[in-house]
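Reader: I have a model open and would like to walk through it. Can we start with the strands and then move to the ligand?

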Amino acid sequence: MKNRILSAAVIVSVLAASCSSQRAITTAGGSKGLKDYYNNFFPIGVAVGPRNLAGDEAQLILREFNSLTAENAMKMGPIHPQEDNYYWRDADSIVSFAQNHGLKVRGHNLCWHSQAPSWMFTDKEGKTVSKEVLLQRLKDHITTVVNRYKGKLYAWDVVNEAISDKPDEYLRNSDWLKIIGEEYIAKSFQFAHEADPNAMLFYNDYNEISPVKREKIYRLVKGLKDAGVPVHGIGLQGHWAVNEPSRGQLDSTIKRFADLGLKVQITELDISVYPKEHDARQRKSADADTTFSPQKEQQQLEVYKMSFDVFRKYRNVINGVTFWNISDRNSWLDNFPVRNRKDYPLLFDRHLKPKKVYQEVVKF
Ligand code: GLA
């Protein structure tokens, strides 16, 4: 009897604790999150690291988002640091958090010129490997990683940023291109598809709003599709800023890719409060003012509002919008293009409160 009273008391207190944590979640900004406003449009995702999966950030994730991307944990260097050694812990923790809470996961990424481990391209003597060796290593990597998360990830960014930014150069002159040739792209998609035939496979790149780069991406993906390569979508990273894209640029970009008959996702959305610059540079005296002024706030709000307007217009084509980082507490833009220049590119402030712009994104 005494035991039963005790266990009833325990149940009551557990229930009370869970109700009060539920309350803590709902009072932060109302019980509805971005994912609920966009329920009939597309999943709303966010890029995270394992450190984000506890405390107030975890609560915010669960209230607002229904899809996750690993900010770094699934990239080739972090997940495959040596030939015989995969480091799964960080990626696994993101996938199990998603599974425990019923979130989707999109994988990022399988083949990229950056954050690739240097062992991949060299032999034991430090000499560059042959095309055959590199293709085999690429296959082993893609097969192992895709297999591990088969059925748990619904999509992968297979090749990231293969297009050159130089106006008169088509493909980026990466180690992949130099050693294997153009076919590394098609092969990556084939390896991924063989490992998980159900995963949606994306080609992902940035500055797709530039007509020159856009046409190169179009040419690449059309070529793959015409050759029967399993490519299912185009990822527009969407690292934008207060001065771009214009509505016309964004609309014509999505329309152009939709013409290919493929899905489009916005995969890395953030809108910097500084005018767009594509290359890292030294700090200048004009960078001293890093306040989030009402003027910056208004300019950013207009670009976000316009972007989501256009995303909703293309709801039949767009099947995912993912933010790159959770809140203005931390963003890669705090160190790019200028090291240590605070940026405010997201919908939540440093205290995780929805900014004014949030209301504009969910008001339609
Ligand atoms: C690119 C990559 C991302 C990330 C950002 C910067 O967009 O695709 O994985 O590294 O750069 O954070």
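Author: One term first: a crossover is called right-handed if, with the strands pointing away from the viewer, the path from the first strand over the helix to the second runs clockwise. Strand β1, helix α3 (residues 55-64) and strand β2 make a β-α-β unit that is right-handed in this sense. Keep in mind that this is a predicted model.

Reader: Fine. How many bridges join β1 to β2, and which way do they run?

Author: Four bridges join β1 to β2 (residues 67-70), and the two run parallel. One pair to look at is V46, whose bridge partner in β2 is L68.

Reader: And what does β2 join next?

Author: Strand β3, through three bridges, again running parallel. T69 stands opposite R106 in β3.

Reader: What comes after β3?

Author: Strand β4 (residues 155-160) is joined to β3 by five bridges, and these strands run parallel as well. G107 stands opposite W156 in β4. Helix α6 (residues 131-148) goes with β3 and β4 to make another right-handed β-α-β unit.

Reader: Back to β1. Which strand does it pair with besides β2?

Author: Strand β1 (residues 44-48) also pairs with β9, in the parallel sense, over three bridges. I44 stands opposite V321 in β9, and G45 stands opposite T322.

Reader: What else is β9 joined to?

Author: Strand β8 (residues 263-272), by three bridges, with the two running parallel. In β9, V321 is the bridge partner of I266. From β8 the chain crosses through helix α11 (residues 294-313) to β9, and this β-α-β crossover is right-handed too.

Reader: So V321 turns up twice. Where are its partners?

Author: One is I44 in β1; the other is I266 in β8.

Reader: Is β9 buried or exposed?

Author: Buried. Six of the six residues of β9 (residues 318-323) are under the 20% relative accessible area that counts as buried, so the strand is largely enclosed by the rest of the structure.

Reader: How many residues of β1 are buried?

Author: Five of its five, so the strand is mostly covered by the cut-off of under 20% relative accessible area. Both faces are covered: I44, V46 and V48 lie on one side, G45 and A47 on the other, and all are buried.

Reader: How many are buried in β3?

Author: Eight of the nine residues of β3 (residues 104-112).

Reader: On to the ligand. Which residues are around it?

Author: K75, H108, W112, Q115, N160, E161, Q237, H239, E268, W324 and W332.

Reader: Which of those have polar side-chain atoms by a ligand oxygen, and at what distance?

Author: H108 has a polar side-chain atom 2.6 Å from an oxygen atom of the ligand. For H239 the distance is 3.2 Å. E268 has a side-chain N or O atom 2.5 Å from a ligand oxygen.

Reader: How much of the ligand does the protein bury?

Author: The protein buries 87% of the 300 Å² that the ligand exposes when taken alone.

Reader: Next, backbone oddities. Where are the cis peptide bonds?

Author: One joins H108 and N109, with omega about -10 degrees. N109 is in strand β3, and H108 is one of the residues around the ligand. Another joins F336 and P337, with omega about 0 degrees; P337 lies in the loop between β9 and α12 (356-362).

Reader: Why flag those?

Author: Because most peptide bonds are trans, and most residues other than glycine have a negative phi.

Reader: On that second point, which residues have a positive phi?

Author: Q115, with phi near 50 degrees, and L352, with phi near 70 degrees, are examples. Q115 is in the loop between β3 and α6, while L352 lies in the loop between β9 and α12.

Reader: Buried or exposed, those two?

Author: L352 is buried, at a relative accessible area of 8%. Q115 counts as partly exposed, at 34% relative accessibility. That accessibility takes only the protein chains as cover, and Q115 is also among the residues around the ligand.

Note on methods. Residues are numbered from 1 along each chain as its sequence is written. This is a predicted model: local features need pLDDT of at least 70, side-chain atom pairs count only at pLDDT 80 or more; totals for chains, interfaces and linings use all residues. Side-chain values use heavy atoms; hydrogens and water are left out. Buried means under 20% relative accessible area, exposed over 50%, partly exposed in between (1.4 Å probe, protein chains only). Two strands pair if DSSP finds at least two bridges between them. A residue is near a molecule or strand if one of its heavy atoms lies within 4 Å of it. A polar contact is a pair of N or O atoms within 3.5 Å; within protein, one must be able to donate a hydrogen and the other to accept it, and residues adjacent in sequence count only if both atoms are side-chain atoms. Accessible areas come from the Shrake-Rupley method with a 1.4 Å probe; for residues, only the protein chains shown count as cover.
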